[in-house]
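Colleague: I should like to learn how to read a protein model that comes with a ligand. May we work through it feature by feature?

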Amino acid sequence: MTNPTLLILPGDGIGPEVMAEVRRIIDWFGAKRGLAFDVTEDLVGGAAYDVHGVPLSDETMAKAQEVDAVLLGAVGGPQYDTLDFSLKPERGLLRLRKEMDLFANLRPAQCFDALADFSSLKPEVVAGLDIMIVRELTSGVYFGEPRGIFEEGNERVGINTQRYTESEIDRVARAAFELAKKRAGKVCSMEKANVMESGILWREVVQKVHDESYPEVELSHMYADAGGMQLCRWPKQFDVIVTDNLFGDLLSDVAAMLTGSLGMLPSASLGAPMANGRPKALYEPVHGSAPDIAGQGKANPCACILSFAMALRYSFDQGDEATRLEKAVETVLADGVRTADLMQAEGGAPASTRQMGDAVLAALDASL
Ligand code: NAD
């Protein structure tokens with residue numbers, strides 16, 4: 001048996017710092033759980049631009065297409081702000097998403113009990129929250145044609161087009177139903193079928209996929225604006241939410257903030273299954289390169305660590321080991337270990353990035 005393969009792209013700013021902790025955790029799973037990975041590391045974003053003059057080289061892109069999963073830190077930084085649009089660090093990430101055709105973006109909003117006070121909502125509304133937003137990532141209004149700013153009479157008009165084909169809706173709906181089967185078995189689909197034809201088609205196709213292939217999953221439909229309200233009113237009513245690119249962009253940020261810190265939020269972007277049955281996959285924290293704290297050992301590595309937990313679950317079918325890692329993070333937080341972003345007025349010295357990694361490794365050891 002050959003080991004599963006991982007391409008690690010630490011990127012810029014705090015990316016390499018948080019990824020260094022993930023590397024130690026990957027090694028732990030190899031040494032202690034017999035789960036060895038063949039890991040290669042490469043450049044993306046500003047780090048790739050500095051060496052190759054482009055934010056993602058063709059060689060790195062080719063590697064990303066071959067491996068079982070890609071794990072990315074973060075890209076960007078003020079020193080690259082004046083670069084031409086096509087050379088900006090973010091273009092490297094967008095190229096990966098586009099060429100790997102990663103159409104389903106998974107953003108969990110999970111509130112660890114120890115951090116319930118961090119939410120802007122009441123602790124009882126968010127404690128124990130565990131929802132998953134599946135956002136369609138490669139179509140919709142951000143890509144639809146015609147688009148542009150045109151002259152019309154004596155003024156200009158800005159145009160974007162919301163466009164979805166049945167097959168695009170079908171595949172992201174299937175991704176959501178498959179996830180729900182591994183979770184609490186509920187999907188809520190959100191669109192604006194009351195005012196948008198693309199929403200009517202969305203609702204019809206999601207219902208059809210459900211009725212034909214996933215009758216055991218509980219399906220509901222909600223208008224996306226009402227969904228935003230319900231997310232703030234009583235988020236625990238949801239399990240999996242599936243929605244389009246635009247609404248997903250907004251709703252996943254709302255859901256993320258229910259849980260407190262950016263330093264805790266992982267994500268996965270999945271595509272079609274490869275020949276070995278595993279989906280094309282890119283895992284990354286939601287946060288950016290945090291230039292304000294880069295190089296100071298202050299960054300919280302948990303979002304990146306939890307992104308690796310998602311890789312264990314969704315790429316490598318190691319749900320139990322993913323839970324082991326998530327529980328280790330939960331234990332560390334319950335024990336009061338906090339990086340600076342997780343500290344309120346209570347005082348005391350914050351843990352460094354490395355100390356947070358040490359604590360997670362100790363909790364993993366204790367889980368054996
Ligand atoms: P950011 O997420 O980098 O930082 C926002 C704030 O959160 C900062 O105060 C930062 O210190 C803090 N923060 C973020 N992650 C943290 C962590 N793990 N631990 C502790 N604190 C953390 O967003 P920004 O400041 O808007 O953007 C900075 C750069 O990152 C820009 O170049 C932007 O384009 C890029 N960016 C990249 C990604 C990505 O790689 N996916 C996402 C967002 C922004």
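Modeller: Certainly. This is a predicted model. By class, the residues around the ligand divide into 10 nonpolar, seven polar and four charged.

Colleague: How many residues surround the ligand, and which are the closest?

Modeller: The shell holds 21 residues, and the closest are E90, G288, A290, D292 and N300.

Colleague: Which atoms of G77, H287 and G288 lie at short listed distances from the ligand?

Modeller: One should separate backbone from side-chain atoms here. For G288, a backbone N or O atom lies 2.7 Å from an oxygen atom of the ligand. For G77, a backbone N or O atom is 3.2 Å from a ligand oxygen atom. H287 takes part through its side chain, with a polar atom 3.3 Å from a nitrogen atom of the ligand. As for cover, the ligand has 800 Å² of accessible area on its own, and the protein covers 67% of that.

Colleague: Let us turn to the fold. How many helices and strands does the protein have?

Modeller: The secondary structure comprises 12 helices and 12 strands. The C-alpha trace spans about 60 × 50 × 50 Å along its principal axes.

Colleague: What radius of gyration would a compact globule of 368 residues have, and what does the protein have?

Modeller: The idea is to set the value against an expectation for the chain length. A compact globule with 368 residues would have a radius of gyration near 21 Å, and the protein agrees with this because its own value is 21 Å.

Colleague: What do burial and contacts add to that picture?

Modeller: Burial is a matter of relative accessible area, with a cut-off of under 20%. By that criterion, 51% of the 368 residues are buried. The accessible surface amounts to about 16200 Å², and carbon and sulfur atoms account for 52% of it. Among contacts between residues at least 6 apart in sequence, 74% join residues at least 24 apart.

Colleague: Could we apply this to a single residue? Where is D239 found, and is D239 buried or exposed?

Modeller: D239 is in the loop between α8 (224-233) and β10 (240-243). D239 counts as buried because its relative accessibility is 4%.

Colleague: Which backbone atoms does the side chain of D239 reach?

Modeller: A polar atom of the D239 side chain lies 3.0 Å from the backbone nitrogen of A184. The D239 side chain also reaches the backbone nitrogen of G185, at 3.1 Å. Leaving aside residues up to four places away in sequence, D239 touches several others, including D130, I131, M132 and R183.

Methods
Residues numbered from 1 in each chain as written. Predicted model: local features only at pLDDT ≥ 70, side-chain atom pairs only at ≥ 80, totals over all residues. Heavy atoms only, no water. Near = heavy atom within 4 Å. Polar contact = N/O pair within 3.5 Å; in protein donor to acceptor, adjacent residues only side chain to side chain. Areas by Shrake-Rupley, 256 points an atom, 1.4 Å probe, with all protein chains shown as cover. Nonpolar A, V, L, I, M, F, W, Y, C, P; charged D, E, K, R; others polar. Helix = DSSP H or I, 4+ residues; strand = E, 2+ residues; numbered from the N terminus. Rg over C-alpha atoms; globule rule 2.2 N^0.38 Å. Buried < 20%, exposed > 50% of the residue type's maximum accessible area, 1.4 Å probe, protein only. Contact = heavy atoms within 4.5 Å.
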